[in-house]
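Open the model in your viewer and keep the selection tool ready. The tour goes from stop to stop.

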Protein chains: 2
Amino acid sequence: MAKENDFPEIDPDGPELVYMVVADHIAAKIERGDLKPGQRLPSELDLAGQYGVARMTIRRAMKELRDRGLIRSVHGKGTYVQVPESS
Amino acid sequence: MAKENDFPEIDPDGPELVYMVVADHIAAKIERGDLKPGQRLPSELDLAGQYGVARMTIRRAMKELRDRGLIRSVHGKGTYVQVPESS
DNA sequence: ATGCATTTGTCCGTATGTATG
DNA sequence: TCATACATACGGACAAATGCA
């Protein structure tokens, strides 16, 4: 179980955009509370390994999540789940 | 007032490089005469605290100012505003 | 001469930002 | 989209140089 926690199978040749699959998967974790506000996400390199995609694809997904206001990236430190207060 | 003396707000997400913002800010102080030739600057650790950045970022800014010929660093002593004579 | 604090110099590891092919 | 490389930035640790007690 805890299927929601597993990493989705990603078919690079599939119709859905890879970065969007990753973004939606992480977004679901955040909205489910699996990732809590202020918590740090794994590094882009780690996520790339976990999802089996390139780092640039993870970054594209991070940009998507940033645009949705779900996360916040800090140069040299990491990426964090956005805290409602700190818009 | 004395707005010129205050430390600039640094937006890590901004397009400008952090070390360049710091370098330009200190350069302005020197060129304005706020920091006089021969005068010692605060230590890198102090500057890091004042600007709210890492020491390595301050060092990167110092390197920029050294390259511009505005300052001179002495191991174990400190960093000084360059005196025109001592090129 | 000895130790101590301060300051710059150097290095390491990790993480994000940017650019190219 | 992937793969690679480099720049920027953070944080910590230690070395080297200076000056002082």
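In this tour, Ala, Val, Leu, Ile, Met, Phe, Trp, Tyr, Cys and Pro count as nonpolar, Asp, Glu, Lys and Arg as charged, and the others, Gly among them, as polar. Keep in mind that this is a predicted model.

**Stop 1: DNA strand C**

Select DNA strand C and the protein around it. 26 residues surround this strand. They divide into four nonpolar, twelve polar and ten charged. The closest are Glu44(A), Arg55(A), Arg59(A), Arg55(B) and His75(B). Of the atoms of DNA strand C within 4 Å of the protein, sugar and phosphate account for 58%.

Now zoom in on chain A. At Glu44(A), look at the backbone: one of its polar atoms is 2.9 Å from a phosphate oxygen of DNA strand C. Next, pick Arg59(A). Here a polar side-chain atom lies 2.7 Å from a phosphate oxygen of the strand. Then move to Arg55(A), where a polar side-chain atom lies 2.7 Å from a base nitrogen of DNA strand C.

Color by secondary structure. In chain A, α3 (55-67), β1 (71-74) and β2 (78-81) each supply at least two residues of this surface. In chain B, α3, β1 (71-74) and β2 (78-81) each do so too.

**Stop 2: DNA strand D**

Switch to DNA strand D. Its surroundings hold 23 residues, and the closest are Val18(A), Thr57(A), His75(A), Val18(B) and Thr57(B). Sugar and phosphate make up 77% of the strand's atoms that come within 4 Å of the protein. The surrounding residues divide into twelve nonpolar, six polar and five charged.

Focus on chain B. A polar backbone atom of Val18(B) is 2.4 Å from a phosphate oxygen of DNA strand D. At Ala54(B), a backbone N or O atom lies 3.1 Å from a phosphate oxygen of the strand. Which part of DNA strand D is 2.8 Å from an N or O atom in the side chain of His75(B)? A base nitrogen.

The elements giving two or more residues to this surface are α1 (18-32) and α3 of chain A, together with α1 and α3 of chain B. α3(B) gives the most, with four residues.

**Stop 3: two helices of chain B**

Select residues 18-32 and 55-67 of chain B, which are helices α1 and α3. Their axes come within 8 Å and cross at roughly 55°. That makes α1(B) oblique to α3(B). The crossing is right-handed.

Show the side chains. The contact includes Val22(B), Ala23(B) and Ile26(B) of α1(B), and Ile58(B), Ala61(B) and Leu65(B) of α3(B). The residues of this contact divide into eleven nonpolar, one polar and two charged.

How values were computed. Residues are numbered from 1 along each chain as its sequence is written. Chains are lettered from A and ligands numbered from 1 in the order in which they are written. This is a predicted model: local features need pLDDT of at least 70, side-chain atom pairs count only at pLDDT 80 or more; totals for chains, interfaces and linings use all residues. Side-chain values use heavy atoms; hydrogens and water are left out. Axes are lines fitted to C-alpha atoms, for helices over the stretch in contact, and angles run from 0 to 180 degrees between N-to-C directions. Angles under 35 degrees count as roughly parallel, over 145 as roughly antiparallel, 65 to 115 as roughly perpendicular and the rest as oblique. A crossing is left-handed if the near helix is turned anticlockwise from the far one by less than a right angle, and right-handed if clockwise. Contact means heavy atoms within 4.5 Å. A residue is near a molecule or strand if one of its heavy atoms lies within 4 Å of it. A polar contact is a pair of N or O atoms within 3.5 Å; within protein, one must be able to donate a hydrogen and the other to accept it, and residues adjacent in sequence count only if both atoms are side-chain atoms.
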